Amino acid sequence: MGTASAMPISDRNPSAQMFNANGRLFLIDCGEGTQKQMRKCHFSFVKLEAIFISHIHGDHLFGLFGLLNSMAMYGRIAPLDIYGPQALGGVLNFYKSYFGAEDQYEIRFHALQSRGLELVHTSKYLTVSAFPLRHKIDCYGFRFDETVTERHRRENPAYVAKSYAYCSDTAPFDELPEYVKGVTCLYHEATYMNDMADKAANRFHSTAAQAAECALRAGAGKLIVGHYSSRINDIGALLAECKEVFPDTFAASDCDVFEF
Ligand SMILES: [Zn+2]
Ligand SMILES: [Zn+2]
């Protein structure tokens with residue numbers, strides 16, 4: 001729902017994705033404008049099962065207060081699990097004390113401290129694991145793994161579970177391809193292109209080629225990139241840089257839908 005970095009631009013919002021597993025909705029990051037994007041993409045405000053926040057940079061959570069407030073106005077009563085770095089706890093307490101004192105649903109905050117791949121959420125059809133990223137501040141990626149059911153096995157004994165991983169924001173590092181090993185589909189930030197590799201390194205971000213390198217080393221099925229710097233004018237050129245390393249790459253635009 002959002003493919004910009006840092007701040008909204010005319011045709012791109014900051015980071016937010018909806019992962020839909022058989023109708024169960026999981027929001028990953030919640031940049032400014034997420035509520036409006038959810039409406040545009042026809043996602044329910046009340047059916048959200050959990051929210052995963054990668055880190056406490058505004059382009060990944062400035063939309064959270066509005067969304068929490070709207071869920072209360074829609075009469076949500078089901079508890080809401082929110083996962084994120086320790087510091088998110090303070091942000092949620094601020095919301096609760098100034099805006100959410102009368103909300104009828106409970107926010108269950110889970111502080112992440114994973115040093116490696118760690119199971120954090122179990123749902124009916126999947127598990128979610130968190131893993132550390134390398135950014136200026138405490139930051140986490142998320143991996144969604146489908147649970148293989150009896151029905152899967154009955155219909156196809158060789159059934160291979162599908163999986164998705166979300167990596168934003170991060171500089172490249174050796175363990176990352178291990179955390180996302182073999183995923184069906186990988187999302188990886190690609191804030192800059194090669195000509196701005198220095199800037200990427202200084203700001204703990206990745207270039208398009210580095211995102212593709214991660215997908216290649218992980219043996220991912222497909223790669224989706226986003227979180228583009230507002231200085232990238234030609235997304236086609238950025239995509240070409242990825243495809244040189246990892247051909248099965250898609251450069252996401254806001255409200256794109258990927259099914260797998
Ligand atoms: Zn960001
Ligand atoms: Zn950031």
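This briefing covers a sheet, the helices that pack on it and a nonpolar core. The model is predicted. Seven strands make up an open sheet with mixed pairing. The largest nonpolar core holds 63 residues.

**The sheet**
- The strand order is S6-S7-S8-S9-S10-S11-S12.
- Strand S6 (118–122) and strand S12 (249–251) are the edge strands. Each of these two pairs on one side only.
- From one strand to the next, the twist averages 20 degrees.

**Strands S10 and S11**
- Strand S10 covers residues 185–189, and strand S11 covers residues 222–226.
- The two strands run parallel and are joined by five bridges.
- Leu 186 stands opposite Leu 223 in S11.

**Helices on the sheet**
- Helix H7 lies across S10, S11 and S12. Its direction is at about 150 degrees to S10.
- Helix H8 (residues 235–245) also packs on the sheet. H8 touches S11 and S12, and its direction makes about 165 degrees with that of S12.

**The nonpolar core**
- Leu 186, Leu 223 and Cys 242 touch the most other members of the largest core.
- Helix H7 (residues 208–218) gives the most to this core, with seven residues.
- Leu 186 and Leu 223 thus appear twice here: they stand opposite each other, and they are among the core members with the most contacts to other members.

**Around Cys 242**
- Neighbours within four places in sequence are left aside here.
- Cys 242 is then in contact with four alanines of the 208–212 stretch: Ala 208, Ala 209, Ala 211 and Ala 212.
- Its other contacts are Ala 190, Leu 223, Val 225 and Thr 249.

Notes
Residues are numbered from 1 along each chain as its sequence is written. Chains are lettered from A and ligands numbered from 1 in the order in which they are written. This is a predicted model: local features need pLDDT of at least 70, side-chain atom pairs count only at pLDDT 80 or more; totals for chains, interfaces and linings use all residues. A nonpolar core is a set of buried Ala, Val, Leu, Ile, Met, Phe, Trp, Tyr and Cys residues joined through C-beta atoms within 7 Å. A residue is buried if 20 or more other C-beta atoms lie within 10 Å of its own, exposed if 12 or fewer, and partly exposed in between; C-beta atoms are placed from the backbone. Helices (H or I, at least four residues) and strands (E, at least two) are DSSP runs, numbered from the N terminus. Two residues are in contact if their C-beta atoms, placed from the backbone, lie within 7 Å. Two strands pair if DSSP finds at least two bridges between them. Axes are lines fitted to C-alpha atoms, for helices over the stretch in contact, and angles run from 0 to 180 degrees between N-to-C directions.
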